[in-house]
Amino acid sequence: MRSVYKWLIGLVIVVMLILLSAAMYFFHVAEVRNPAANKPDALRPKSSPVYDYEHTFLARHKATWTQKTSDGLTLDAWYVTASRPTNKTAILAHGWHNNKTTMAIYGELFHDLGYNVLIPDNRAHGDSQGKLIGYGWTDRRDYMGWINQVLKKNGQQSDIVMYGMSMGAATVVNVSGEHDLPKQVKAFIEDSSYTSVLAEVKHEAGDMYGLPWFPIVNIVSGISKVRAGYSYSEASPLKQVAKNKRPMLFIHGDKDTFVPTRMVYQLYAATKGPKKLWVTSGSKHVQSFSDHRVAYRQKVTNFLNQYDK
């Protein structure tokens, strides 16, 4: 009987070691800085519907802004002044394993609409420091820093809108629920946010790896809490947007399998502020602008004309 107990204990230890090793691997994939994110994204070909947006913006003069975070990181951002003097500034947030270059098409869109444009590199991306990715949760406080820097440099009369795609969308949705959000932030536009890091990682465990999410996702979340300072359940745009009372435009492709389309309906239902929803036909993850360039610009323009006059 004693040998059976020893065998069972040994088996449990082996299983625990296997689970811990797997969890450490997935944590590294999900949250540890990827060197590829340090480099500019590959530029779009001339055949792309948004080629002109990207190349026009990248050719513009870009000042460099920096920020020192509360945990000692130096973050980097591009700032492009509007063609005509204005108090309006758009702050744009990029996605997972992307950087400022990714947001050039959206930078040009907002520049065309008359805004100054600020595009940061999130922590652990691009020219910003950091080893661990924030998934929009630790980033939300970084973006509060960028907001306050706009107010300091451009004045308290500033008028700010925030835009984000994918992880960047989750970032701006998280910002919308902050208790100390300055009144100068007038509106939010999010394209393809997840409801929570937990919900997204559970989805990816099955969709990308064909694995049951329990218990590996729970272990990875625990590792994240220890190493990055947040668990996957607390990093929740859904909980944050439920605190929001400011206008928000929600955009999502109806063929998005990376961040499932169903998530946008949950976010839309949760917000307490004025809201608009546009689910684009036939678009995969963050492809709505490329697929529906004219309509996308018009939807954004109409929303801003209504809520950021």
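**Salt bridges, one by one**

Visitor: Why is Asp71 called partly exposed in this predicted model?

Guide: Its relative accessible area is 46%. Buried means under 20% and exposed over 50%, so Asp71, at 46%, falls in between.

Visitor: And what makes Arg123 buried?

Guide: Arg123 has a relative accessible area of 8%, and the limit is under 20%, so it counts as buried.

Visitor: How do you know that Asp71 and Arg123 form a salt bridge?

Guide: The closest N and O atoms of the two are 2.9 Å apart. The rule asks for a side-chain nitrogen of Arg or Lys within 4 Å of a carboxyl oxygen, so this pair qualifies. Asp71 sits in the loop between strands S1 and S2, and Arg123 in the loop between strand S4 and helix H4, so the bridge ties together parts 52 residues apart in sequence.

Visitor: Why is the contact of Lys100 and Asp127 called a salt bridge?

Guide: Their N to O distance is 3.1 Å, and the cut-off is within 4 Å, so the name fits. The two are 27 residues apart, with Lys100 in the loop between S3 and H3 and Asp127 in the loop between S4 and H4.

Visitor: Are these two partners buried or exposed?

Guide: Lys100 has 2% relative accessibility, which is under 20%, so it is buried. Asp127 has 54%, which is over 50%, so it is exposed.

Visitor: How many salt bridges does the rule give?

Guide: The count comes to 14.

How values were computed:
Residues are numbered from 1 along each chain as its sequence is written. This is a predicted model: local features need pLDDT of at least 70, side-chain atom pairs count only at pLDDT 80 or more; totals for chains, interfaces and linings use all residues. Side-chain values use heavy atoms; hydrogens and water are left out. Helices (H or I, at least four residues) and strands (E, at least two) are DSSP runs, numbered from the N terminus. Buried means under 20% relative accessible area, exposed over 50%, partly exposed in between (1.4 Å probe, protein chains only).
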